[in-house]
Amino acid sequence: MGGSHDHTLLEEGCELMLDYRKIQKVATCGDDVVPVAVQDVDTREVLIVAYANEFALAEARRRGVCVLWSTSRRELWVKGETSGDYLDLKEVRVNCEQNSLLYLVKPRRAGACHTKDEKGRSRASCYYRALDGDGWLVKRPPPKRKGYSPEAVFGAFLLGALVATRTKLLFPR
């Protein structure tokens with residue numbers, strides 16, 4: 001690929017153009033990194049999959065925002081530093097084999113992806129397309145952002161049972 005036309009086709013087109021050599025490129029770039037899945041702590045939507053080295057992880061923890069390592073630019077990547085779409089770091093999880101990370105984040109604004117939608121807004125996630133039955137890419141609607149809801153977390157039935165039990169404890173007959 002070469003040029004902005006190819007980049008536009010890659011990011012906005014409907015043809016599947018997966019980079020099956022990405023892991024090999026990362027492995028041969030000379031940087032010691034682990035993959036990082038970046039997930040919205042509220043919606044559980046996966047926003048980005050990227051990489052972090054030891055320095056990026058330390059900076060993420062120190063700054064309290066999503067900090068990654070750009071394997072293409074070979075430099076620290078503070079998500080939101082140029083776009084303003086910062087992702088506040090809420091928790092870092094380590095997988096069982098200690099070879100990947102999960103950043104649970106809370107977006108400060110609506111966007112997380114460097115690409116823009118049809119209205120020029122940052123997309124909520126880098127996963128804004130899905131494969132259809134014929135193998136073509138189709139744009140999907142952005143995830144709905146929800147605030148905290150006890151019903152969503154605990155379920156309406158359990159929440160009702162909790163309230164009933166608490167009421168009985170506070171106001172015995």
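1. Aromatic pairs come first, and the count here is zero. The rule asks for ring centres of Phe, Tyr or Trp within 6.5 Å of each other. Please keep in mind that this is a predicted model.

2. There is still a ring worth a look. Which ring has the charged end of R123 over it? That ring belongs to Y128, and the charged end of R123 sits 3.9 Å from its centre.

3. Now the overall layout. The protein has five helices and eight strands. Along the sequence their pattern reads α-α-β-β-α-β-β-β-β-β-β-α-α, with two helices at the start, two at the end and one after the opening pair of strands.

4. Some totals may help with orientation. The protein has 173 residues, and 28% of them count as buried. Its accessible surface comes to about 12,000 Å², and carbon and sulfur atoms account for 56% of that area. If you take contacts between residues at least 6 apart in sequence, 45% of them join residues at least 24 apart.

5. Next, have a look at the open sheet of four strands. Its order is 2-1-6-5, and the pairing is mixed. Strand 2 and strand 5 (87–94) are the edge strands, each pairing on one side only. On average, neighbouring strands in this sheet are turned by 25° against each other, direction ignored.

6. What packs on this sheet? Helix 3 (residues 54–63) does, and it touches strand 2, strand 5 and strand 6 (101–107). The direction of helix 3 makes about 35° with that of strand 6.

7. Strand 2 (residues 46–52) deserves a point of its own. Is it mostly covered or mostly open? Strand 2 is mostly covered, with five of its seven residues buried, although it is an edge strand of the sheet. Helix 3 is among the elements that touch strand 2.

8. The partner of strand 2 is strand 1 (residues 34–40), and the two pair in the antiparallel sense over six bridges. To find the register on screen, start with V36 of the pair: its bridge partner in strand 2 is A50. Then go to V38, which stands opposite I48 in strand 2. As background, side chains in a regular strand alternate between the two faces of the sheet.

9. Last, the turn of this hairpin. How many residues lie between strand 1 and strand 2? There are five residues between the strands, and in this hairpin R44 takes a positive phi near 70°.

Notes: Residues numbered from 1 in each chain as written. Predicted model: local features only at pLDDT ≥ 70, side-chain atom pairs only at ≥ 80, totals over all residues. Heavy atoms only, no water. Buried < 20%, exposed > 50% of the residue type's maximum accessible area, 1.4 Å probe, protein only. Pairing = 2+ DSSP bridges. Contact = heavy atoms within 4.5 Å. Areas by Shrake-Rupley, 256 points an atom, 1.4 Å probe, with all protein chains shown as cover. Axes fitted to C-alpha atoms, helices over the stretch in contact; angles between N-to-C directions. Phe/Tyr/Trp six-rings, centres within 6.5 Å; stacked < 30°, edge-to-face > 60°. Lys NZ or Arg CZ within 6 Å of the ring centre and 35° of its normal.
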